[in-house]
Amino acid sequence: MTQIQTILESIGNSKVISIIRGIEHQAAMEVISALKKGGISCLEVTMNTKQSLAIIEQARKDDTLFVGAGTVLNLDMARQSISAGAQFVLSPLLDTKVIEYCLSCDVLPVPGVFTPTELYSAHCAGAPLLKIFPAGSVGPQYIKDLLGPFNGMKLLPVGGVSLENTAAFMQAGSFAVGVGSYLANPELSNRKDWETITQRAKLFIERANQL
């Protein structure tokens, strides 16, 4: 099994990717540990987080975690994140050069798409998982609508995913969901409230598996 297949399977099993954004480096591993206690094994460290590459490198030392880089805007950022150990690369946009580079490195590319044309273009470029962004503005019904003509494609809604709509996104046919600051919350991190992060992680895992 290739690394891409392994990571894709792991994301599908977990169903929830926690997005680490705006967390201070010194607190990042505490946050990640709290998420792990709550059942989260898939992490996205955004490249616009301070010392993001160092966080990726550190998180990768735990072989029970699956660590990706997020907010990857171009090929150079993809190279940097993969060099740091990122096992998957998420973008808010569609760049076929990033997809091609990731595939050549056996790293899972997750391009950001929104329209049916973008979705199909990313699929044709070889991306096995497609990030629907921003998903909150259209809701779970949009995932169901896309999967009508694009049945079988693996979709990852990101942006506006909450405890209230996670189950609905999964029931609409999503492969998994990406959850932002409600889960890996900078304010909770600053207060060192690791227990609340763990409890929220448990709730998201529960909602995502309500099918």
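This report covers the sheets, one cavity and a few single residues of a predicted model.

**The six-stranded sheet**

One open sheet has six strands, in the order β5-β4-β3-β2-β1-β9. The pairing in this sheet is parallel. β5 and β9 (177–179) stand at the edges. Each of these two has a single partner strand, so one side of each is left without a neighbour in the sheet. From one strand to the next, the twist averages 25 degrees.

Inside this order, β3 covers residues 66–70 and β4 covers residues 88–90. Two bridges join β3 to β4, and the two strands run parallel. For a landmark on this pair, take Gly68: its bridge partner in β4 is Phe88.

**The three-stranded sheet**

A second open sheet is listed with three strands, in the order β6-β7-β8. Its pairing is parallel as well. The edge strands here are β6 and β8, and each pairs on one side only.

How many bridges join β6 to β7? Two bridges do so, with β6 spanning residues 112–113. Val113 stands opposite Ile132 of β7. On the other flank, four bridges join β7 to β8, which spans residues 154–157. Lys131 stands opposite Leu156 in β8. Leu130 has Leu155 of β8 as its bridge partner.

Helices link these strands. β6, helix α6 (residues 116–124) and β7 form a β-α-β unit that is right-handed. From β7 the chain then crosses through helix α7 (residues 140–146) to β8. This β-α-β crossover is also right-handed.

Strand β7 covers residues 129–132. Which way do its side chains point? Leu129 and Lys131 point one way, while Leu130 and Ile132 point the other way. All four residues are buried, Lys131 included.

**A cis bond after β7**

The peptide bond between Phe133 and Pro134 is cis, with omega at about -5 degrees. Pro134 sits in the loop between β7 and α7. That places the proline on the path of the crossover from β7 through α7 to β8.

**The cavity**

The count comes to one cavity of 30 Å³ or more. The largest cavity holds about 40 Å³ of space. Its lining consists of Val89, Ser91, Leu93, Asp95, Val98, Ile99, Pro109, Val110 and Pro111. Which elements give two or more residues to this lining? They are α5 (96–104) and β5 (108–110). β5 is also an edge strand of the six-stranded sheet. By residue type, the lining divides into seven nonpolar, one polar and one charged.

**Three residues to look at**

Accessibility is the common thread for the residues in this table.

| Residue | Location | Relative accessibility | Class |
|---|---|---|---|
| Lys15 | loop between α1 (3–14) and β1 (16–20) | 19% | buried |
| Lys192 | loop between α9 (186–190) and α10 (194–208) | 61% | exposed |
| Arg207 | helix α10 | 25% | partly exposed |

Is Lys15 buried or exposed? Buried means under 20%, and Lys15 is at 19%, so this lysine counts as buried. Lys192 is at 61%, and exposed means over 50%, so Lys192 counts as exposed. Arg207 is at 25%, which falls between these cut-offs, so this arginine counts as partly exposed.

The two lysines also have backbone angles to check. Phi of Lys15 is near 75 degrees. Phi of Lys192 is near 60 degrees. Each is a positive value in a residue other than glycine. Lys15 lies in the loop that leads from α1 to β1, and β1 is part of the six-stranded sheet. Lys192 lies in the loop that leads from α9 to α10.

Arg207 belongs to helix α10. What separates its C-alpha atom from that of Asn165? The separation is 8.7 Å, although the two residues are 42 apart along the chain.

How values were computed:
Residues numbered from 1 in each chain as written. Predicted model: local features only at pLDDT ≥ 70, side-chain atom pairs only at ≥ 80, totals over all residues. Heavy atoms only, no water. 1 Å grid on protein atoms, 1.4 Å probe; cavity = no way out; pocket = protein on both sides within 12 Å on 5 of 7 lines; lining within 4 Å. Points joined across faces, edges and corners; volume = space filled by probe spheres on them. Nonpolar A, V, L, I, M, F, W, Y, C, P; charged D, E, K, R; others polar. Buried < 20%, exposed > 50% of the residue type's maximum accessible area, 1.4 Å probe, protein only. Pairing = 2+ DSSP bridges. Right-handed = clockwise from strand over helix to strand, strands pointing away. Axes fitted to C-alpha atoms, helices over the stretch in contact; angles between N-to-C directions.
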